[in-house]
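Welcome! Take a moment to look over the sequence and the 3D view below, and then read on for a short guided tour.

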Amino acid sequence: MPAPSTPASAWRAVCARQDLVAGSGVVAMVDGQQIALFYLPDVDGAPLYAIENRDPKSGANVIGRGLIGHLGGELVVASPLYKQHFRLTDGQCVQYPEQKLRTWRARFNGDTVELA
C-alpha cells in the first residue's frame, strides 16, 4: 500500500542543499525548534533525515553533532553525551525505549531542503 501523499502546501523550505554537510549533521531552527538534518548521499533510498536536536536524557541540543552509523541493521545517530542511539527513520532510542525523538519527513525540491 503506498504511503499517503503530503499536500504541497504542507512542505516547508528550511535551507539549501549547499548548507548541508554530506555524512554529517547540521541544525536548522524551525518555529523555535532545533531540527538536526542528516544528509547521507551514500545511503540507498532516502538520503535526507530530520530529527529533533534535543537529547532527551541531558536536555542539551546536541543530536546534530552525533555520529552516524548502523546498529542492528538500523541507521542511527549516537548522542554525543550519553551515547544512546536513535533510529533516524523514526527517532526511537535503541537502548531506552522510553526515549524517542520527533522526526520530520525531509526531501529535496531542486536545491531546497523541505520538511513536512
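The notes below go from the overall fold to the cores, one buried acidic residue and the salt bridges. Please keep in mind that this is a predicted model. The chain has 10 strands and 0 helices.

**Overall fold**

- Followed along the sequence, the elements give the pattern β-β-β-β-β-β-β-β-β-β.
- The radius of gyration is 14 Å, close to the 13 Å that the globule rule gives for 116 residues, so the chain is as compact as a globular protein of that length.
- Along the principal axes, the C-alpha atoms fill a box of roughly 35 × 35 × 25 Å.
- Of the 116 residues in the chain, 35% are buried.
- Among the contacts with a separation of 6 or more, 41% are between residues 24 or more positions apart.

**Two nonpolar cores**

- The largest nonpolar core has 13 residues, and the members that touch the most others are Leu20, Ile35, Leu37, Ala50, Val113 and Leu115.
- Two or more residues of this core come from each of strand E2 (24–30), strand E3 (33–39), strand E4 (48–52) and strand E10 (112–115).
- Leu37 is a good residue to click on: apart from its neighbours within four places in sequence, its contacts include Val14, Leu20, Val26, Ala28, Tyr49, Ala50, Val113 and Leu115.
- Cys15, Ser24 and Gly25 are also in contact with Leu37.
- A second, separate core holds 12 residues, among them Ile63, Val77, Phe86 and Leu101.

**A buried acidic residue, Asp55**

- You can find Asp55 in the loop between E4 and strand E5 (67–71).
- Asp55 is buried but has no salt bridge. The nearest side chain of opposite charge belongs to Arg54, 7.2 Å away.
- What does the side chain of Asp55 make a polar contact with? The partner is the side chain of Gln84, at 3.1 Å.
- Leaving aside neighbours within four places in sequence, Asp55 is in contact with Ala60, Val62, Ile63, Ser79, Leu81, Tyr82 and Gln84. One of these, Ile63, also belongs to the second core.

**Salt bridges**

- As general background, side chains of opposite charge can pair when their charged atoms come close.
- The whole structure contains 4 salt bridges, and three of the pairs are described here.
- Arg12 and Asp31 form a salt bridge through their side chains (2.6 Å, N to O). Arg12 is in strand E1 (residues 12–16) and Asp31 in the loop between E2 and E3, so this pair ties together parts that are 19 residues apart in sequence.
- Arg12 is partly exposed, at 38% relative accessibility, whereas Asp31 is exposed, at 63%.
- Arg17 and Asp111 also meet in a salt bridge (3.4 Å, N to O). Arg17 sits in the loop between E1 and E2, and Asp111 in the loop between strand E9 (106–109) and E10, so the pair ties together parts that are 94 residues apart in sequence.
- Arg17 is partly exposed, with a relative accessible area of 29%, while Asp111 counts as exposed at 56% relative accessibility.
- Glu114 pairs with Arg107 in a salt bridge, and their closest N and O atoms are 2.7 Å apart.
- Is Glu114 buried or exposed? Glu114 counts as buried, at 10% relative accessibility, and its partner Arg107 counts as partly exposed, at 30%.

How values were computed:
Residues numbered from 1 in each chain as written. Predicted model: local features only at pLDDT ≥ 70, side-chain atom pairs only at ≥ 80, totals over all residues. Heavy atoms only, no water. Core = buried A, V, L, I, M, F, W, Y, C linked by side-chain atoms within 4.5 Å. Buried < 20%, exposed > 50% of the residue type's maximum accessible area, 1.4 Å probe, protein only. Helix = DSSP H or I, 4+ residues; strand = E, 2+ residues; numbered from the N terminus. Contact = heavy atoms within 4.5 Å. Lys, Arg positive; Asp, Glu negative; His and termini not counted. Polar contact = N/O pair within 3.5 Å; in protein donor to acceptor, adjacent residues only side chain to side chain. Rg over C-alpha atoms; globule rule 2.2 N^0.38 Å.
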